[in-house]
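Ready for a few exercises on reading a protein model? Keep the viewer open, try each task yourself, and then follow the solution step by step.

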Amino acid sequence: MEIKRDLKYKAQTWTLDSWAEGETTIGKIEFAFFNYSNRIVIFLTQFDKIATLVSAKSEASVEQEEEFANLYEVTTIFGEREHPLYEVIARGIVGLLNNEREVRDTLEKTGLPFSPTFLNPFKGKEIQFGFALHRYTSDSINRIVHKRILDSFRAELCRFCLLYTSDAADDLLCVDLGGRRIIKKK
């Protein structure tokens, strides 16, 4: 049995500072985003460690209609299976990274040259999550934490896209924003 190893990756880290929601203080959340060629690994922690591993991927193939684009398979691989936020956050992030229009709009805002044949660099990749977040008893607090986390990912989306394309651009040949190399015929 051959094990395919993919050690080539780009990484991005950031922190969502703590904030107050009514009488509840939400502690800071630290993020790490690793973009491998065949998968994405994302860590979200409030405890400086990871306790639960979750895998998420789109159930729609690239050829399927847009109406199936929001179907995601989310599986807890290890750890706490009943945390109210983990599956919801995983589905939200997978939805964001698979959203062709949102990724394209974000890249257009960078002002970099843009290929009309752009393909979303994240679409169809398996995404693995590592979670260690507080368990909040209030549904309204859980919804607010979920929204803030997705807003934080949306704000960092441009950096993820640039991480994806920067490896291909290191070659300094002609590269489009889909990360594909363009070979010019002589």
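**Exercise 1.** Is glutamate 108 buried, partly exposed or exposed, going by its relative accessible area?

*Solution.* Bear in mind that the model you are looking at is predicted.
- Step 1: find the residue; glutamate 108 belongs to helix H2.
- Step 2: recall the cut-offs, which are under 20% for buried and over 50% for exposed, with partly exposed in between.
- Step 3: glutamate 108 has a relative accessible area of 43%, so it is partly exposed.
- Step 4: look across the chain to cysteine 158, which is 50 residues apart from glutamate 108 in sequence, and you will find 9.5 Å between their C-alpha atoms.

**Exercise 2.** Work out where the buried residues of helix H2 (residues 100–109) lie around its axis.

*Solution.*
- Step 1: list the buried residues, which are Glu102, Val103, Thr106 and Leu107.
- Step 2: look down the axis of H2; these buried residues fall within an arc of 130°, so they line one face of the helix.
- Step 3: check the other side of H2, where Arg101 and Lys109 are exposed.
- Step 4: connect this to a general rule: an α-helix has 3.6 residues a turn, so residues three or four places apart point the same way.

**Exercise 3.** Describe how strands E4 and E5 are arranged.

*Solution.*
- Step 1: locate E4 at residues 29–36 and E5 at residues 39–45.
- Step 2: the two strands pair in the antiparallel sense, over six bridges.
- Step 3: E4 and E5 make a hairpin, with two residues between them.
- Step 4: pick out one facing pair: phenylalanine 34 is opposite valine 41 of E5.
- Step 5: ask how covered E4 is; seven of its eight residues are buried.

**Exercise 4.** Compare threonine 45 with aspartate 48: which is buried and which is exposed?

*Solution.*
- Step 1: place them. Threonine 45 is in strand E5, while aspartate 48 sits in the loop between E5 and strand E6 (52–58).
- Step 2: threonine 45 has a relative accessibility of 9%, so it counts as buried.
- Step 3: aspartate 48 reaches 63% relative accessibility, so it counts as exposed.
- Step 4: see what surrounds threonine 45. Beyond residues up to four places away in sequence, it touches Lys28, Ile29, Glu30, Ile50, Ala132 and Leu133.
- Step 5: find a polar atom of the threonine 45 side chain; the backbone oxygen of lysine 49 is 2.7 Å from it.
- Step 6: turn to the backbone of aspartate 48, where phi is near 60°, a positive value in a residue other than glycine.

**Exercise 5.** Which residues have the most contacts inside the largest nonpolar core?

*Solution.*
- Step 1: this core has 38 residues, and those with the most contacts inside it are Ile42, Leu44, Leu97, Phe129, Ile149 and Phe153.
- Step 2: helix H3 (residues 139–169) gives the largest share of the core, eight residues.
- Step 3: zoom in on phenylalanine 129. Apart from neighbours within four places in sequence, its contacts include Ile42, Leu44, Leu53 and Val94.
- Step 4: recall the general tendency: in soluble globular proteins, nonpolar side chains tend to be buried together.

**Exercise 6.** Sum up the whole chain: how many helices and strands does it have?

*Solution.*
- Step 1: count three helices and eight strands.
- Step 2: put them in order from the N terminus, which gives β-β-β-β-β-β-β-α-α-β-α.
- Step 3: add the burial; of the chain's 186 residues, 40% count as buried.

Notes. Residues numbered from 1 in each chain as written. Predicted model: local features only at pLDDT ≥ 70, side-chain atom pairs only at ≥ 80, totals over all residues. Heavy atoms only, no water. Helix = DSSP H or I, 4+ residues; strand = E, 2+ residues; numbered from the N terminus. Buried < 20%, exposed > 50% of the residue type's maximum accessible area, 1.4 Å probe, protein only. Polar contact = N/O pair within 3.5 Å; in protein donor to acceptor, adjacent residues only side chain to side chain. Contact = heavy atoms within 4.5 Å. Core = buried A, V, L, I, M, F, W, Y, C linked by side-chain atoms within 4.5 Å. Arc of directions from axis to C-beta. Pairing = 2+ DSSP bridges.
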